[in-house]
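Biologist: I am new to this structure and would love a close look at a single part. Could you pick one sheet and walk me slowly through it and what lies against it?

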Amino acid sequence: MADAAGDGARRVLVAADKFKGSLTAVEVAERVTAGLRRVVPDLEVEALPVADGGDGTVAAAVAAGFERREVRVTGPLGDEVTAAFALRGDTAVVEMAEASGLQRLPEDALAPLTASTFGSGELLRAALDAGARTIVFGVGGSATTDGGAGMLAALGARFTDRDGAPVAPGGGGLADLASADLSDLDPRLAGVELVLASDVDNPLTGPKGAPAVYGPQKGASPEDVEALDAALAHFAKVLEQTETVGARAAEYAASPGAGAAGGIGFGAMLLGARFRPGIEVMLDVLGFAPALERADLVITGEGSLDEQTLHGKAPAGVAAAARAANKEVVAVCGRLALAPAVLGRAGIRRAYPLTDVEPDVRKCIAEAGPILERVAEGIARDFLS
């Protein structure tokens, strides 16, 4: 056995995120479990798929026992789509990407100036209709850069131009904003704990703001980025002049997380949301602590273990919690771009990339499931046999 420190481990917790484009978090757990049990047939494995607030967050909640609820909402380009949220008791998990994510756009139809978060507001309203008193609002993977204006409009806000007409959807339309009225927001929001769960801490505008950092991923040209940054700054300035928001608008715009998901973080803060790192929130919601207590070895992972992983992504959050509980952690991934010493500082004993088994990256993506099972067999031999 390669790692003698693993002797005696007989209960494994698989708490991995998705391999984007290849496997969902649930499928990752299933494949890892299958590979482990091929080597240790009687092994006790507990699966707890995780997410950091981005796409896959609702699926992780459903896998942990939440009920999946579906509702028809407005997609980022105004078409109707079916989106889901998760509910358990009076706690809802709402994923903005379900309504306003890049996956909701037709292929090659990026719309950085016009994509709207209106459907995300409709999803929040559906959670309120379902009786939610705590809403975990996972944001990430957005197609939008509208500062959450569409979401706010769906919840009762009014944004009008000089002629009193509603401004056009999307961040681009905010350049024509003359008046903002948040006085008719859904009153139920005042009685709800809204948690903004995100893995980014960007402000709304500026060099590290939503348009500059994430706009290009959504198809924004340099000119579009400049226009969107100016429009969002104008949005915050108009809100600053309202009685209902006032000086808080500038405070929120500069706050960590305001720039999350095209600025929807800013809009959520206007609703009273409290920002928390997405993986921390989700580990609480999913019941990670008791599952961790039962485990001897933790297996985490995601599609690419790289520098981004260290900044609030799911594997880093899992590893940090496991290290605090003195549990050993290994990771699976499609691609590994972190040195062993860096992994060690993050609390990960060793990482197992698919490319160690199959050097052809295209095969790793196309045949991720079977290859991951073989990777898991290696973990079992090294740590469990």
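Modeller: Gladly; here comes a short overview, followed by one sheet and its helices.

This is a predicted model, in which local features need pLDDT of at least 70 and side-chain atom pairs count only at pLDDT 80 or more, while totals for chains, interfaces and linings use all residues. Residues are numbered from 1 along each chain as its sequence is written, and side-chain values use heavy atoms, with hydrogens and water left out.

Let's begin with the whole chain. Its secondary structure comes to 15 helices and 13 strands; these are DSSP runs numbered from the N terminus, with helices being H or I of at least four residues and strands E of at least two. The C-alpha trace spans about 75 × 45 × 35 Å along its principal axes. A compact globule of 385 residues would have a radius of gyration near 21 Å, and the chain agrees with its 22 Å. (That radius is taken over C-alpha atoms, and the globule rule is 2.2 Å times the number of residues to the power 0.38.)

Now to our sheet. Five strands form an open sheet in the order β2-β1-β11-β12-β13, and the pairing is parallel. Two strands pair if DSSP finds at least two bridges between them. At the edges sit β2 (44-47) and β13 (350-353), each pairing on one side only. From one strand to the next, the twist averages 25°; axes are lines fitted to C-alpha atoms, for helices over the stretch in contact, and angles run from 0 to 180 degrees between N-to-C directions.

Zoom in on the β13 edge. Strand β12 (residues 328-336) is joined to β13 by four bridges in the parallel sense. Here valine 330 stands opposite arginine 350 of β13. Helix α15 packs on this sheet and touches β11 (297-305), β12 and β13, its direction making about 150° with that of β13. Contact means heavy atoms within 4.5 Å.

Helix α15 has another partner. The axes of α1 (residues 25-39) and α15 (residues 368-383) come within 7 Å and cross at roughly 45°. That makes α1 oblique to α15: angles under 35 degrees count as roughly parallel, over 145 as roughly antiparallel, 65 to 115 as roughly perpendicular and the rest as oblique. The crossing is right-handed, a term used when the near helix is turned clockwise from the far one by less than a right angle, with anticlockwise being left-handed.

Which residues meet there? On the α1 side they include Val28, Val32, Leu36 and Val39, and on the α15 side Leu372, Ala376, Ile379 and Ala380 are among them. By class, this contact has ten nonpolar, two polar and five charged residues. Ala, Val, Leu, Ile, Met, Phe, Trp, Tyr, Cys and Pro count as nonpolar, Asp, Glu, Lys and Arg as charged, and the others, Gly among them, as polar.
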